[in-house]
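Me: I'd love to walk through this protein with you, from the overall fold down to single side chains. Could you take my questions one at a time?

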Amino acid sequence: MTPFLISRYTRSETAERQPGLKYEQENPPAAVIDNLVRLHNSIIAPIEECFFIRIGSGYRCEPVNKMVGGSLTSAHLFGRAADIEPVEETLQRYQELCRWITENKIPFDKMILEYGAKEVEGIPAWIHLQVNKIPGKSRRLVYRICSDTKQDYIMFDVGKWALC
């Protein structure tokens with residue numbers, strides 16, 4: 001199992017560009033750290049046993065979340081979500097990763113394939129994975145978002161992958 005490193009979940013280019021935000025972003029409260037450890041151990045570490053991934057976004061302090069246009073109730077604010085990408089950003093690799101996550105009973109609460117300006121040939125911009133606020137509970141909901149507005153959530157069957 002890959003070790004938990006808080007820096008992987010608190011790194012933020014947005015905070016780096018804002019003097020004064022870096023400390024707040026890199027030093028989350030204890031409850032957030034507990035959630036990040038749970039997220040890592042139950043979702044991220046098992047994935048990393050089979051796939052090389054990047055964590056693009058993990059915890060976000062409130063100012064960073066606001067600056068990136070995150071939801072006011074975003075699981076990122078509480079350390080319960082990470083946006084990941086396979087190192088090899090191909091449609092096939094995203095499909096393999098998503099299928100593996102669903103077939104191996106990874107205990108996610110939500111998996112969201114997020115598309116946007118980066119979408120090329122049906123490739124998501126990233127995969128949002130989150131744990132439930134109640135430890136041990138996982139609804140395993142899978143969605144895709146096909147617009148930059150983040151308003152078009154569509155239930156999604158990974159086994160029937162289709163383009164937006």
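**Confidence, fold and contacts**

Me: Thanks! What mean pLDDT does the protein have, and which element has the highest?

Reply: Happy to help. This is a predicted model, where local features need pLDDT of at least 70 and side-chain atom pairs count only at pLDDT 80 or more, while totals for chains, interfaces and linings use all residues. Residues are numbered from 1 along each chain as its sequence is written, and side-chain values use heavy atoms, leaving out hydrogens and water. With pLDDT being the predictor's confidence in each residue, from 0 to 100, 85% of the residues score at least 70 and the protein averages 89; among the elements, strand β6 (residues 153-155) has the lowest mean, 67, and the highest, 98, belongs to helix α4 (residues 30-48).

Me: In what pattern do the helices and strands follow one another along the sequence?

Reply: Helices (H or I, at least four residues) and strands (E, at least two) are DSSP runs, numbered from the N terminus. The protein has six of each kind. Read along the sequence, the pattern is α-α-α-α-β-α-β-α-β-β-β-β.

Me: What percentage of the residues is buried?

Reply: Let's fix the term: buried means under 20% relative accessible area, exposed over 50%, and partly exposed in between (1.4 Å probe, protein chains only). The accessible surface of the protein comes to about 8800 Å², and 54% of it belongs to carbon and sulfur atoms. Of the 164 residues, the buried share is 48%.

Me: Among contacts between residues at least 6 apart in sequence, what share joins residues at least 24 apart?

Reply: A contact here means heavy atoms within 4.5 Å. For the contacts you describe, the share joining residues at least 24 apart is 68%.

Me: Which element supplies the largest share of the largest nonpolar core?

Reply: A nonpolar core is a set of buried Ala, Val, Leu, Ile, Met, Phe, Trp, Tyr and Cys residues joined through side-chain atoms within 4.5 Å. The largest one has 32 residues, and those with the most contacts inside it include Ile 43, Ile 44, Ile 47 and Met 111. At least two residues each come from α4, β1 (53-57), β2 (81-86), α6, β3 and β4. The largest share, six residues, comes from α4.

Me: Which residues does Ile 47 touch, not counting residues up to four places away in sequence?

Reply: Ile 47 is among the core residues with the most contacts inside the core. Beyond its sequence neighbours, Ile 47 touches Ile 53, Ile 84, Leu 97, Trp 100, Ile 101 and Leu 129.

Me: How many Å apart in space are Leu 113 and Ile 127, C-alpha to C-alpha?

Reply: Leu 113 sits in strand β3 and counts as buried because its relative accessibility is 0%. Ile 127 is 14 residues away from Leu 113 in sequence, yet the C-alpha to C-alpha distance is 4.7 Å.

Me: With which side chain does the side chain of Asn 132 make a polar contact?

Reply: Asn 132 lies in the loop between β4 (126-130) and β5 (141-145) and, at 7% relative accessibility, counts as buried. A polar contact is a pair of N or O atoms within 3.5 Å; within protein, one must be able to donate a hydrogen and the other to accept it, and residues adjacent in sequence count only if both atoms are side-chain atoms. The partner is found in the loop between α6 (91-103) and β3 (110-114), is buried at 2% relative accessibility, and pairs with Asn 132 at 2.8 Å: Asp 109.

Me: Where in the chain is the partner of Asp 83 in a salt bridge?

Reply: A salt bridge is a side-chain nitrogen of Lys or Arg within 4 Å of a carboxyl oxygen of Asp or Glu, and a search of the whole structure finds eight. Asp 83 meets Arg 60 at 3.5 Å, N to O. Both residues are buried. Asp 83 is in strand β2, and Arg 60, 23 residues apart from it, is in the loop between β1 and α5 (62-67).

Me: Why are Glu 96 and Arg 93 separated by about one helical turn, and how far apart are their closest N and O atoms?

Reply: The separation is about one helical turn because the two are three residues apart in helix α6. Glu 96 is partly exposed at 30% relative accessibility, and Arg 93 is partly exposed at 23%. In their salt bridge, the closest N and O atoms are apart by 2.5 Å.

Key:
Areas by Shrake-Rupley, 256 points an atom, 1.4 Å probe, with all protein chains shown as cover.
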